[in-house]
Each structure stands twice: as C-alpha cells, then as structure tokens.
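Let's take a walk through this structure together, one piece at a time. Keep the 3D view open and turn it as you read.

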Amino acid sequence: MVPKIRRGARTHGLLVYLYGPGKRDEHLDPHLVGSWDGFAPDPGRDSSPDADPKVTLARLTAALDLRVKQAGDRAPAKHVWHCSVRTDPGDRMLSDAEWNTVARRLVAATGIAPEGDPDGCRWVAVRHADDHIHILATMVRGDLRRPRMNYDFKKAQAECRRIEKGWGLRRLNPGDSTGSKTPTSAERFKAERTGRPEPSRETLREAVRRSLAGAATEGEFFTRLREAGLRVKVRTAPSGDAIGYNVALPGDRNRHREPVWFPGSKLAPDLSLPKIRLRLADDTVDQTTASAANSGRPDWSPPASARRSATGIAEQAAALLDGGDDEAAAQLVGIGELLDAAAQTSPAATRAELAAAAREFERATRSHVRAERADTRAIRSAARGIIQAGSALGRGEDGGTTAMLASTLVLVALAAARWHSARGHAQQAHASRQTAEHLRTAYRQAAATPMRALRDQGRALPDAVRRTHEATIRAALPEQGLRADGTPTKTDALAATLAQAEQAGHAPEALLQQAIAMRELDTAEDVNEVLVWRLRRLAQLPAHPGEAAPRPQAGIRQPKTSTNDRTRTAPTAAARPGSDPRTRPPRR
C-alpha cells in the first residue's frame, strides 16, 4: 500500500479532477467512500431527482473550505492536503467500507483528524478506481488553528505498513527517506505522450550518475555531462563560485517552450553539488592508478586489463562489506560507480542487464550510515580505469574479463544485501538482491562462450592429468558437489584452468586454496565457475581460453610438455614427473 502526499491551494480544482473522466478516461464511477462526518454531499452518487453534479460539487467545495474562509489570513496559502493511497497489483480488491477505514486511519495518524477530536480538519475520500482512493483535506481545524502535521509522510507510511500487516496485504519495504524522488504522474503521462521510454527525471538521473563515475574533478564531471548530450546550467554566487547545477534533456520543454530543468538534488539526494564535492574531495581518484589498471600483459586490450584490475578491487570491497563495519558504507558508493562504468562500456550482449543492475544498486548506495574515514580511492580509480579504457568487445579477452568482473560483482551485491539487512535497511537490501539477479543474467551471457571452450579443453585433457586435477578439486572442496539448484556440478572447466595454471608455473593445490580462501562461496550459484575466474585472475591466465597461451613466470622452473599431448594447455602424465598424486614429490 503506497501513500503519496501533495499540497495545493485549489479545493474546487482538485475535486473537479477527482470526479472528472481523468486524463485518459481512466476514472470510473467516482464516489465518496468516507468523509469527516459521514454526511458530506457526494457529486457522484446524489440520488435526488433534480440533482446537478456541478451544484453538488460546489456544495462539497464550500463545506470543505468553510473553516479556511473563517480563518482568513491565518489559513495556510496551500491549504489543501491531498493523499492518494494505492494497493499493490497483487492485493485483493478492497470494499468501500475498507477504504473508508483506511482513510480514517490515515487522517488520524497524520494529525489531520485525530481519533475522537471534534475539531479535526474536514476531509473526504474519493474512489474512482478499484485499486486506490484520494483523500482531500483542508488544513484548518474547527478551532481555526492549523493541524500538527510534522512528518506526515513518514506517519502515513508507518500506518500503511500496519494496515498491510493486519489485513494480510503485500508488505512493502519501509523506507528511510534516502531514496530518489520518483517521477510525478504528470511526468509519466508526458513521457507516454511524447514517446519517451521513461520520464525525463529518470533519464537525467542515470546520465548524471554515469558522468560522475570515476570523475576526478568537478570540471571533468561537468564536461562529461555536456559530452553526454545534456543541457547544463551552472548556478553561481555573486563571487562567481558555483553553488549548484541544473540539467535538462534537449527538446524537453514545458508549456511555455522553456527547457525543463532539474537540479541535481531533485534527481537524487547524493547528486547535489555539495554532496558531489564531498565525494570528489574525500575519495580523490588516483589518476595514476587509473592508468596502472591498464598495465597488464601487453597482449591484453585496455578494456580487458581494466576489468581484471577492477575485479580484484571489487573482491576487496566485498571483504570489507562482509566484515560488517559501518566504514564499508563508503564502498557501496564506489561499487555503484563501478557498475555505472561497466554498464556504459560493456559489450552489447550484456549492456542491458548491467545497466539494469546499476539502476537497481543506485538505491543501495544511500542510507543514514556514514563512514567516518571514507576511502574509496581504489574502487573509484578502478571505475575511472574502465571509463578511460573505452568500450569492450563482446568476444575474446574483453568478453571473458566482462564475465570475470560480473561473477565477482554478483557476490559483492549479495554481500551488500547482508550488510544492509543487518542494519534493517529493507529497501536497500532488496535493491542489492535485485542487482545480483541482473548481474547473474549478465554473467551467463558473457560467460557462455569462454566457459564452453574451457569445458571442451577440460574434457580433452589426458586421462591421468584430468584425474589428478579432479582429485585436487575433491580434496579442496569435499562438500561442493552440487549447484545451488541441486544439480551435479561439472569440474571440466576448473580442471582445465588448474592444468593451465600449472603450465604457467603455479602449484595447483596452493593456488586453489588461495582462491577458496579469498572469501565465502556459500552464495555462489556455481562454485566451480566462481573459482575458475578467481584462478584465472590470480594466475594471470587469459580470461578467454582462445587467447594466447600464458607465459611462464620468470624464475620458476616449468614442467616439460610432450608433443603427443592432445591439448597444449597441460603436460601429459608421461612428460610430467609425479603426475600420480600418490608419488608426486613435494613442491618447493
């Protein structure tokens, strides 16, 4: 049950709308379901023979405005309190009597008309659809004083939660007033009328958020806004210093043919210029780190190197969130920027899901918890590195590292959900879980080709080599024989990765233990696939198995490879001394 509160100055105008056909003829059978005394005239169902709905509506307006006129100059300029209340689409249809109860409970809870108070404000509840009502009240009491209505929205929300619980309706997550402002009905109707896929407010919020991802300076942020095609207006003080900014979409104009400007603070609480300055000052991006992120193997593209670097930093953020400390709140902002950076540079196949994940996680980046020692330089620099590296291809190493990053971000989103749940942040926890679902879909899209190639390579390993690595896997993961859905796992890709890591000079057992110890695996949908990407990052193996073979590390003696092998990724049992685990000499 969702309440939405507005204030206005025209009682008659609002009643005309409520009893009218609606903007799209959606109003059906408008009528009263409740009023302050139960005897208010109803323009929709006046049964007298000579009834004129316009006359009845004028009588209702006069009755509601009686105390406003009596109060004169003491009445508030915006004396109309308007609260719409809507049930969830999955809820049962409420009767008129039940809606009357809802209206009475809300006006009592918000201070409009407290229970048992004869001087409460006058109000009516109009129903013109199955799933919602509109409560209209005039904010002058019978004693001509104004009602005490502090925090009326929070009180309405709390009462709706109690009604949901008592009536068996769908229970929505309680908010904490840190969410973004939702588009108004007028903005939504305008988007439909002009053929836009979403209201301008939502398009602008995403564009501003993406422009901020990894930005090092205020000037760079404004430059990115303009490069994104937005109209930007910087507000300045008499001294010439910037004190705020407004953005507008090209072509989006009001009835006076003027651009429709939105200040950053009206897009989201953390997108005001002072909040952005705090983020840029506290989390100053290390611009040298951004270039270092792209300094991987020279045969890897900049997007692939940037994603590899970001994967390791995301793992560190997940570990901080799992620690449960309040200081991890700063990491949520950085993860949001990392998702925005990945979404706008990702291959076409995964772009939509990554963008959806970034939009969902936006809600998870804000709460009332503040980190006293915010330090997100590493993660913001990783986001900057991804932006500077440019768009990734959907194939080869770029596609493989996209899957590597998405696999890690799934676990990060779930860690964020646990962090928020522990603090009672229901909306943020829900947003984090939804983010994980979008990331899982993006991962499956990106990982399909490289994982299929790895499984083929694992099945092509010589029998002795495969048995050796399967024994290593079983010893390290004795209880991980099933997927999250209960189906048996396949270790072909993991065995192939261990074989390639060994060829590159790593000890498979030690490397696998290092990958397992990095963080928990209980929330992984497929433990083997998570470990494949951890191992390939730790061992500096190509994320896509079709790329160039890994180069041996300097100073490490390499196993010899037989020319009779059926695969070039691992030595045969005959050519590799100690391939039998029972006779393998200890590694040094």
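How many residues lie between β4 and β5 in the hairpin they form? There are four residues between the two strands. Before going further, bear in mind that what you're looking at is a predicted model.

That hairpin is a handy way into the sheet. Look at the two strands side by side: β4 and β5 run antiparallel, and four bridges join them. One of the pairs to look for is W123, whose bridge partner in β5 is A137.

Now step back to take in the whole sheet. It's an open sheet of five strands, in the order β1-β3-β5-β4-β2, and the pairing is antiparallel. The edges belong to β1 (2–8) and β2 (31–35); each has a single partner strand, so one side of each is left without a neighbour in the sheet. As you go from one strand to the next, the twist averages 20°.

Let's go back to β5 and look at its other neighbour in that order. Strand β3 (residues 80–86) runs antiparallel to β5 (residues 132–138), and seven bridges join the two. To find your place along this pair, try W81, which stands opposite A137 in β5. Another partner to spot is V85, bridged to I133 in β5. A137, then, turns up in both pairings: with W81 and with W123.

Keep moving along the sheet and you get from β3 to β1. These two pair in the antiparallel sense over seven bridges. Here, V2 has R86 in β3 as its bridge partner.

So far we've stayed within the sheet, but helices pack on it too. Helix α2 (residues 53–71) lies across β4 (123–127) and β5, and it runs at about 45° to β5. Helix α4 (residues 152–167) packs on the sheet as well, touching β1 and β3, and its direction makes about 155° with that of β1.

How covered are the strands in the middle of all this? For β5, seven of its seven residues are buried. Both of its faces are covered: H132, H134, L136 and T138 are buried on one side, and I133, I135 and A137 on the other. β3 is mostly covered too, with six of its seven residues buried.

Next, leave the sheet and follow the chain to helix α5 (residues 185–194). Its buried residues are E187, F189 and A191. They pack against α6 (200–212) and β8 (262–263). Just after α5 comes G195, which takes a positive phi of about 80°.

The last stop is a pair of helices. Two packed helices are described by the angle between their axes and the distance between the axes. For helix α12 (residues 329–345) and helix α13 (residues 348–364), the axes come within 8 Å and cross at roughly 160°. That makes α12 roughly antiparallel to α13, since angles over 145 degrees count that way. The crossing itself is left-handed.

What do the two helices bring to this contact? From α12 come L332, I335, G336, L339, D340, A342 and A343, and they meet R351, L354, A355, A357, A358, F361 and A364 in α13. Sorted by class, the contact has eleven nonpolar, one polar and two charged residues.

Definitions and conventions. Residues numbered from 1 in each chain as written. Predicted model: local features only at pLDDT ≥ 70, side-chain atom pairs only at ≥ 80, totals over all residues. Heavy atoms only, no water. Axes fitted to C-alpha atoms, helices over the stretch in contact; angles between N-to-C directions. Parallel < 35°, antiparallel > 145°, perpendicular 65-115°, else oblique. Left-handed = near helix turned anticlockwise from the far one by under 90°. Contact = heavy atoms within 4.5 Å. Nonpolar A, V, L, I, M, F, W, Y, C, P; charged D, E, K, R; others polar. Buried < 20%, exposed > 50% of the residue type's maximum accessible area, 1.4 Å probe, protein only. Pairing = 2+ DSSP bridges.
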